[in-house]
Amino acid sequence: MGVFAEATSHVALKATNGFTNPLPSAIVILGHLTAFLFLGQAMKNLPVGVVHASWAGLAIILVTLMSNIIYKQHLDAKVWLGMVVIGIGIAIINLSSVPRTH
């Protein structure tokens, strides 16, 4: 949910027109607030580096997909290959035996 909130706010940022368009501006602010609330919860039990890497990687993929759909920003095969590599990296991180923090 937090990654989705952040990705949505990043995609909406384009439509703010320098924060002069109220609805997208509100989506950006609320999306980032929501994202940081979830990020803080995730960091309670997991190492910061693991949370940040997973969060950032998933956000990159989701923003790219959403931009492709909403803004028709079509990217070439090399970019999509890079997204697959990021996804594989996230999977490897999350499948490792990451110690929980307390």
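**Exercise 1. Overall fold**

How many helices and how many strands does the protein have? Describe the overall build.

*Solution.*
Step 1. The model is predicted.
Step 2. Count the elements: there are four helices and zero strands.
Step 3. Along the sequence, the pattern reads α-α-α-α.
Step 4. Turn to the dimensions. Along the principal axes, the C-alpha atoms occupy a box of roughly 45 × 35 × 15 Å.
Step 5. Add the surface. The protein exposes about 6,700 Å² of accessible area, and carbon and sulfur atoms hold 74% of that area.
Step 6. Add burial. Of the 102 residues, 27% are buried.
Step 7. Finish with the contacts. Among those with a separation of 6 or more, 61% join residues 24 or more positions apart.

**Exercise 2. Checking helix lengths**

Test whether the end-to-end distances of α1 and α2 agree with their residue counts.

*Solution.*
Step 1. The expected span is 1.5 Å times one less than the number of residues.
Step 2. Helix α1 has 14 residues, so 20 Å is expected. Its end C-alpha atoms lie 21 Å apart, which agrees.
Step 3. Helix α2 has 24 residues, so 34 Å is expected. The distance between its end C-alpha atoms is 36 Å, and this agrees too.

**Exercise 3. Buried faces of α1 and α2**

Which residues of α1 are buried, and which helices help cover them? Do the analysis for α2 as well.

*Solution.*
Step 1. List the buried residues of α1: Gly2, Val3, Ala5, Glu6, Ala7, Ser9, Val11 and Ala12.
Step 2. Their cover includes α2 and α3.
Step 3. List the buried residues of α2: Pro24, Ser25, Val28, Gly31, Ala35 and Leu39.
Step 4. These pack against α1 and α3.
Step 5. Zoom in on Ser9, in helix α1. Its relative accessibility is 0%; the cut-off for buried is under 20%, so Ser9 is buried.
Step 6. Set aside neighbours within four places in sequence. Ser9 then contacts Ile27, Val28, Gly31 and His32.

**Exercise 4. The nonpolar core**

Which residues make up the largest nonpolar core, and which helix gives the most to it?

*Solution.*
Step 1. The largest core has seven residues: Val3, Ala5, Ala35, Leu39, Val51, Trp55 and Ala59.
Step 2. Helices α1 (2-15), α2 and α3 (48-70) each supply at least two of them.
Step 3. Helix α3 gives the most, with three residues.
Step 4. Follow one member outward. Beyond residues up to four places away in sequence, Val3 touches Trp55, Leu58, Ala59 and Leu62.

**Exercise 5. A nonpolar surface patch**

Locate the nonpolar patch on the surface and state which helix gives the most to it.

*Solution.*
Step 1. The patch is formed by Leu13, Phe19, Ile29, Leu30 and Leu33.
Step 2. Together they offer about 500 Å² of accessible area.
Step 3. Helix α2 (residues 22-45) gives the most, with three residues.
Step 4. Check one member. Ile29 is in helix α2. At 48% relative accessibility, Ile29 is partly exposed, because that class runs between the buried limit of 20% and the exposed limit of 50%.

**Exercise 6. Positive phi outside glycine**

Where do Asn17 and Lys72 lie, and are they buried or exposed?

*Solution.*
Step 1. Start with Asn17. Its phi is positive, about 55°, although Asn17 is not a glycine.
Step 2. Place it. Asn17 comes just after α1, in the loop between α1 and α2.
Step 3. Classify it. Asn17 has 58% relative accessibility, so it counts as exposed.
Step 4. Move to Lys72. This residue is also not glycine, and its positive phi is near 55°.
Step 5. Place it. Lys72 is in the loop between α3 and α4 (77-95).
Step 6. Classify it. With a relative accessible area of 56%, Lys72 is exposed.

**Exercise 7. Sequence distance and space**

Give the position and exposure of Asn45, then its distance to Ile92.

*Solution.*
Step 1. Asn45 belongs to helix α2.
Step 2. Its relative accessibility is 42%, so Asn45 is partly exposed.
Step 3. In sequence, Asn45 and Ile92 are 47 residues apart.
Step 4. In space, their C-alpha atoms are 19 Å apart.

Technical notes:
Residues are numbered from 1 along each chain as its sequence is written. This is a predicted model: local features need pLDDT of at least 70, side-chain atom pairs count only at pLDDT 80 or more; totals for chains, interfaces and linings use all residues. Side-chain values use heavy atoms; hydrogens and water are left out. Patches are made of residues with over 30% relative accessible area and no salt bridge: like charges are joined within 9 Å, nonpolar side chains (Val, Leu, Ile, Met, Phe, Trp, Tyr) within 5 Å. Accessible areas come from the Shrake-Rupley method with a 1.4 Å probe; for residues, only the protein chains shown count as cover. A salt bridge is a side-chain nitrogen of Lys or Arg within 4 Å of a carboxyl oxygen of Asp or Glu. Helices (H or I, at least four residues) and strands (E, at least two) are DSSP runs, numbered from the N terminus. Buried means under 20% relative accessible area, exposed over 50%, partly exposed in between (1.4 Å probe, protein chains only). Contact means heavy atoms within 4.5 Å. A nonpolar core is a set of buried Ala, Val, Leu, Ile, Met, Phe, Trp, Tyr and Cys residues joined through side-chain atoms within 4.5 Å.
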